[in-house]
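Biologist: Please pick one small part of this protein, start there, and take me through its surroundings slowly. I am in my first year, so please explain the terms as you go.

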Amino acid sequence: EDLFVAPRGDSRTIRAIVRYGNVAGSQGSVIPLLLAQRATGTVELTDPRMTRFFLTLGEAVRWTKRRIELMEPNSIYVPVLPSTRLIDLAEAIAPDTRIRWIGTRGQEKIHEVMVAIDESRSAARFSDPVFDYWRLGADGAGREFTYTSDQPERWLDVAAIRAALPRAMADVGHAEQMELVA
């Protein structure tokens, strides 16, 4: 990211990056795995503390389009997103199944980190109709913080996750799974 957004001499090309976590229901999302495991009566989760940011494909597209329209050079944009506990996600998708805890694998993170402490000094907070956001590379206040999925401004509870899942699945081309919540 730093190499991509670094100024390039007298180039008139404007470069910026949008950063966000996994898109709900997409490749790499745990949602398709939980849907498949639901049929077995048991879902496997790695750690009861695990959290993730929640973003649908439609939201990611609107967010990226908006950042392109209003892009400032040499910036990294980070949306302020709601978070979910994976155990709540599993409850929303497979409420009547047993959970088997299998432990984390390899480099798997317990929580997503969207703004690390070392980059926070150059972060400034902004409001936008799509998402409030952090802009890295801005004239920040110089304060240090982290923006992680375990300390969001808003948690999605089981009911909110169930309400969001049909749209998330339709956005990634799985409209046939719109009835995924009972």
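**A loop residue and the packing of the chain**

Modeller: Asn-74 is found in the loop between H3 and S4, where helices (H or I, at least four residues) and strands (E, at least two) are DSSP runs numbered from the N terminus. Before going on, a word of care: this is a predicted model, with local features needing pLDDT of at least 70, side-chain atom pairs counting only at pLDDT 80 or more, and totals for chains, interfaces and linings using all residues. Residues are numbered from 1 along each chain as its sequence is written, and side-chain values use heavy atoms, leaving out hydrogens and water.

Asn-74 is not a glycine, yet its phi is positive, at about 60 degrees. With 29% relative accessibility, Asn-74 counts as partly exposed. The scale behind that word calls a residue buried under 20% relative accessible area, exposed over 50%, and partly exposed in between (1.4 Å probe, protein chains only). For the whole protein, buried residues make up 41% of the 182 residues, and the secondary structure comes to six helices and ten strands.

Now follow the chain from Asn-74 into the interior. Strand S4 (75-79) gives two or more residues to the largest nonpolar core, as do H3, strand S7 (113-115) and S9. A nonpolar core is a set of buried Ala, Val, Leu, Ile, Met, Phe, Trp, Tyr and Cys residues joined through side-chain atoms within 4.5 Å. This core has 20 residues, and the members that touch the most others are Val-78, Leu-81, Val-115, Trp-134 and Tyr-147. In soluble globular proteins, nonpolar side chains tend to be buried together.

Tyr-147 is a good guide here. Tyr-147 is buried, at 6% relative accessible area, and apart from its neighbours within four places in sequence its contacts are Phe-53, Val-78, Pro-79, Val-80, Leu-81, Glu-112, Val-113, Met-114, Val-115 and Trp-134. Contact here means heavy atoms within 4.5 Å. Across the protein, of the contacts with a separation of 6 or more, 77% are between residues 24 or more positions apart.

Some of these neighbours bring us to the rings, and the structure holds six aromatic pairs. Rings of Phe, Tyr and Trp (its six-membered ring) pair if their centres lie within 6.5 Å, and the planes count as stacked under 30 degrees apart, edge-to-face over 60 and tilted for the rest. The ring centres of Phe-53 and Tyr-147 are 4.9 Å apart with 45 degrees between the planes, so this pair is tilted. Phe-53 sits in strand S3 (residues 51-53) and Tyr-147 in strand S10 (residues 147-148), so the pair links parts of the chain 94 residues apart. Phe-53 is buried too, at 5% relative accessible area.

Trp-134 and Phe-145 make another tilted pair, at 4.5 Å centre to centre and 35 degrees between the planes. Because Trp-134 lies in strand S9 (residues 133-136) and Phe-145 in the loop between S9 and S10, this pair ties together parts eleven residues apart in sequence. Both are buried: Trp-134 has a relative accessible area of 9%, and Phe-145 has 11%.

S4 has a ring of interest as well. Tyr-77 belongs to a cluster in which ring pairs also link Trp-63, Phe-126, Phe-131 and Tyr-133. Arg-67 lies over the face of Tyr-77, 5.1 Å from the ring centre, and the charged end of Arg-67 also sits over the ring of Tyr-133, 4.2 Å from its centre. A charge sits over a ring if NZ of Lys or CZ of Arg is within 6 Å of the ring centre and within 35 degrees of the ring normal.

On the other side of H3 in sequence, Phe-54 is found in the loop between S3 and helix H3 (57-69). Phe-54 is buried, with a relative accessible area of 7%. Its C-alpha is 5.5 Å from that of Ser-83, although the two are 29 residues apart in sequence. Beyond residues up to four places away, Phe-54 touches residues including Ile-31, Leu-81, Leu-156 and Ala-164.

Two of those names, Ile-31 and Leu-156, are among the 19 residues of another core, which lies apart from the largest one. Ile-31 is also one of the buried residues of H2, and Ala-164 one of those of H6. The covering of H6's buried residues includes helix H2 (31-38), strand S5 (83-85) and helix H4 (86-93).
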